[in-house]
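Work through the exercises below with the sequence and the 3D view open. Try each task before you read its solution.

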Amino acid sequence: MAASSVCRAGGAAARALLLGARPPAALLTLTRSRGAATYAQTLQNVPETQVTTLENGLRVASEESPQPTCTVGVWIGVGSRYENEKNNGAGFFVEHLAFKGTKNRPGAAFEKEVESMGAHLNGYTSREQTAYYIKALSKDMPKAVELLADIVQNCALEDSQVEKERGVILQELKEIDSNLEVVALDYLHATAFQGTPLARTVEGTTDNIKHLTRADLASYVDNHFKAPRMVLAAAGGISHKELVDAAKQHFSGVPFKYKEDSVPVLSRCRFTGSEIRARDDGLPVAHIALAVEGPGWADPDNVVLNVANAIMGRYDRTFGGGKNQSSRLATLAVEHNLCHSFQTFNTSYSDTGLFGFHFVSDPLSIDDMMFCAQGEWMRLCTSTTESEVERAKNYLRNAMVAQLDGTTPVCENIGSHLLNYGRRIPLEEWDARIAAVDARMVRDVCSKYIYDKCPAIAAVGPIELGDKKEVKGTPSSQAMLGWLKTSQEGSSQKKENDLPKGMRQFSHSPSPRKTSAGILQQWLGKEGDPPAKKHKG
């Protein structure tokens, strides 16, 4: 009897404790309200980016946050686009030598100084930008600035190191050639921007790497590493005033004058609708990349095109979800085994860009995948829905907030923004731009860039692309792909002699395969035939 009383008393006490620990209803409502406002509060609470310009034109920008570490880097507005045929690859070569010692710190001493800080030193070169950055403890920020200034102004470029890195780079080029996705996208640039600097690869040609001299590399640095084209960016537990003081001490000597006494302005790189093929039937899969000309960095259409890409989605066989994917193209890829993977891209440069997609497919599925991907493009132009746009906008918001994860991505965001836009665009402004996009805007902007435009196509591997001009039993398919027919007839074809070694002209297959009627009917059946649009020709 006593035991049962104790049990009942214990149970009552437990219930009273649980009930007593429950917060009032008003507090629960407040908690839920705080949770719902988290995203908005996150955007509003991002620290301000402070920018100071030194007397020589170098910009110093930082975002302060209560972090025990910081990332400090130098972003320079120079890349392979500023090179010519003879020195293509010089920027990539200089990047390799940047961490091999300076005139003030020989190789071993330089490495020891970085390691003693426990810092992480890295860099990269692209077609329009070069960056060197250090992640270290916040207290070591002044030393990081000093090291970066030494790299930029006093890179040793010793003959012994030049020869050593030459072999390293040649080995890297062999490894890059085995990455067919990179190869396909490089070929896409080569044909889309043929005859212009954007057609060249960042790494340069094997022949150039073999023959570049120390004098060539020194000339590249002297001509392009100028203060007005540099941004010293920092993020983390730092003080902007201390950063500016360190910059004045170590970066004031960066030259700012050019031979012509002005910052050189790049000429526009024209886009050419064209096709290029590197056929190799010994490879197991084909890599196909297709793109139309996209907008430059500062064009507001970029936000809309990024929403369109999010609608089209991406897919890889390793993904979960199977047929239950939000991307219609991914669902088709799963159900009909169209490809191993596909991804969309919107690559921007200062005055132009590439808006397109890349996929990896078995040889016998290339035609079907190409047709369905093109059909999805046309659906973006004609029948995009509001529900799809809302999903895509949420995807972009998630990707945008992910930039806050760590000091390195924040620092890179600051440096690249100041070079591309002249200022760092706040997340609140990006969110407002995303929120303003609706289905009509997606249809209009996609029609502007896709419909009746000449695409550039690059294909690598066992390729035999068919001609989709006729699909029996589907009259509306003619209207959907009319833009492609027009652009194929009007596009500029590269001559055999103009192509890189080992490549031949991309042309239609002599015996085209026809798209599976089942795939086409399924594609059309979900929302009916897209409305036909008139096209030129």
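**Exercise 1.** Find which residues Phe225 touches, leaving out those up to four places away in sequence.

*Solution.* Start with the test: contact means heavy atoms within 4.5 Å. Now list the partners. Phe225 touches Ile76, Val78, Val94, Tyr132, Val152, Tyr220, Met230, Val254 and Pro255.

Two notes before you go on. This is a predicted model, where local features need pLDDT of at least 70, side-chain atom pairs count only at pLDDT 80 or more, and totals for chains, interfaces and linings use all residues. Residues are numbered from 1 along each chain as its sequence is written, and side-chain values use heavy atoms, with hydrogens and water left out.

**Exercise 2.** Place Phe225 in the largest nonpolar core.

*Solution.* First, the term: such a core is a set of buried Ala, Val, Leu, Ile, Met, Phe, Trp, Tyr and Cys residues joined through side-chain atoms within 4.5 Å. Buried means under 20% relative accessible area (1.4 Å probe, protein chains only). Next, the count: the largest core has 54 residues. Phe225 is among those with the most contacts inside it, as are Val72 and Tyr132. Then the main contributor: helix H6 (residues 141–154) gives the largest share, 8 residues. Last, another core of 50 residues lies apart from it, with Ile311 and Val442 among its members.

**Exercise 3.** Trace Val72 to its bridge partner in E6.

*Solution.* Helices (H or I, at least four residues) and strands (E, at least two) are DSSP runs, numbered from the N terminus. Strands pair if DSSP finds at least two bridges between them. Strand E3 (residues 69–76) and strand E6 (residues 230–236) pair in the antiparallel sense over 7 bridges. The partner of Val72 is Ala234.
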